[in-house]
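Welcome, and thanks for taking a look at this one. Here is a short briefing to read alongside the structure, starting with the cysteines and then moving on to the ligand.

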Amino acid sequence: MSLRARAIIHLHNIAENWRQLHAVSNGTQTAAVIKADAYGHGLAPVAKALKAAGCSTFFVAHTFEGVEARAALGNDTQIFVLNGPSEADKVDLERHKLAPVINSVEQLALIEHWAWPTDRPYALHFDTGMNRLGLNAALVPEISLRVAARPPAIIMSHLACADQTASVLNDAQRAAFAHIASHFPGIQTSLTNSAGLCLSQPLSQSLSRPGYALYGGGQPPRGVELRPGMILEAPILQVRTVDKDGTTGYGATHPVTAGTGLAALAIGYGDGFPRSASNSGFAMLKGFRCPIVGRISMDLTVIDVTKAGNLARPGHYVQLIGPDAPLDLQAHHAGTIGYELTTGLTSRVERHYA
Ligand SMILES: *Cc1c(COP(=O)(O)O)cnc(C)c1O
């Protein structure tokens, strides 16, 4: 096998995470967010695994991702396109039976102009306080009348602070959403992402939209134990024992003393492993924590393997994300979030499906 970084994708863990989240959902339906190549885990294989686990509603960000999802999922599933429709996407939306999420008055006008068939699903996304994407909540009375002859399949909104249980914004958004939903009796409602599933207050919604939790990231709701969706490994190319005091890597940012064991890994920012983890991230080698020392370069990362002794050998793989190196912890060391870590891995990292 060639010595390059690999991500072993555990589809059964991802499916099991979905099953567990659904099991604690109190009868609410559970969709799956598979945008950005299923957060770097591979859109098509993840979509198929989740469908086999029982998921029937999927969210992607872009129409082209929807096309890929449709090919993997077949026609007996719903696929919503979060970023909404544009003129250039019309043919693909129709041909692949994708459901656009309408985020603005302009997008609503577009599907009206297309004479969107009444039996073809779409969603309305209202902004309830995040001020990012979504229809202005003040327009609810007007819009509910305007779509009366062509009602949406889902009314949705998105929480800004779902990961901060105590945030007052959660209550404000929850109340605003309940008000919006009251204008659309009998229509499915969807408010929460992964973190929203942990909020203690019951949420009135009929469909949740977890993404990150499916891949094992973040705090799970009570009664759920999330499993890692990915194990990221990199091979050791060379091991050295430093013979005299010096430094390692570009810029000589990390001093090393004689006798220190160093291993050069075949992974760097060219693989999407963030340079911001320089001198702060770590790799696990058979239970030994080996700190990243010096700057991460494009193709290479150096770790201190002194404690691992002769377990460090060329050709051996170390773990950078996985059960021994939790995603959120590694991301924290890189000054980022796990979402960015897994979606940022480039095609140079080989995906293997376990
Ligand atoms: C990405 C996204 C989600 C999923 O969020 P996670 O934090 O990954 O669970 C849900 N809803 C919307 C609108 C999103 O953009």
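Cys-161 is a good place to start: this residue is buried, with 14% relative accessible area. Please keep in mind that the model is predicted. In the pocket, the space taken by the ligand is the largest one, and the protein covers 91% of the 390 Å² of accessible area that the ligand has on its own.

**Cysteines**

- How many disulfides does a search of the whole structure find? The search comes back with 0.
- Cys-161 is in no disulfide, and the nearest cysteine sulfur, which belongs to Cys-198, is 15 Å away.
- Seen from the other side, Cys-198 is in no disulfide either, with the sulfur of Cys-161 as its nearest cysteine sulfur at 15 Å.
- A pair of cysteine sulfur atoms has to be within 2.5 Å to count as a disulfide, so the 15 Å between Cys-161 and its nearest cysteine sulfur rules one out.
- Is Cys-198 buried or partly exposed? Cys-198 is partly exposed, at a relative accessible area of 28%.

**Residues around the ligand**

- There are 14 residues around the ligand, and those that come nearest are Lys-35, Tyr-39, Ser-194, Tyr-212 and Tyr-339.
- Sorted by class, this shell holds 7 nonpolar, 4 polar and 3 charged residues.

**Polar contacts with the ligand**

- Lys-35 has a side-chain N or O atom 2.7 Å from an oxygen atom of the ligand.
- For Tyr-39, a polar side-chain atom sits 2.5 Å from a ligand oxygen atom.
- Ser-194 also places a polar side-chain atom 2.5 Å from an oxygen atom of the ligand.
- Around these contacts, protein cover takes in 91% of the accessible area that the ligand has on its own, 390 Å².

Notes: Residues are numbered from 1 along each chain as its sequence is written. This is a predicted model: local features need pLDDT of at least 70, side-chain atom pairs count only at pLDDT 80 or more; totals for chains, interfaces and linings use all residues. Side-chain values use heavy atoms; hydrogens and water are left out. Buried means under 20% relative accessible area, exposed over 50%, partly exposed in between (1.4 Å probe, protein chains only). A residue is near a molecule or strand if one of its heavy atoms lies within 4 Å of it. A polar contact is a pair of N or O atoms within 3.5 Å; within protein, one must be able to donate a hydrogen and the other to accept it, and residues adjacent in sequence count only if both atoms are side-chain atoms. Accessible areas come from the Shrake-Rupley method with a 1.4 Å probe; for residues, only the protein chains shown count as cover. On a 1 Å grid over the protein atoms alone, a cavity is a set of points where a 1.4 Å probe fits but cannot get out, and a pocket is an open set with protein on both sides within 12 Å along at least five of seven lines; lining residues have an atom within 4 Å of a point. A molecule sits in a cavity or pocket if more than half of its atoms lie within 2 Å of its grid points. Ala, Val, Leu, Ile, Met, Phe, Trp, Tyr, Cys and Pro count as nonpolar, Asp, Glu, Lys and Arg as charged, and the others, Gly among them, as polar.
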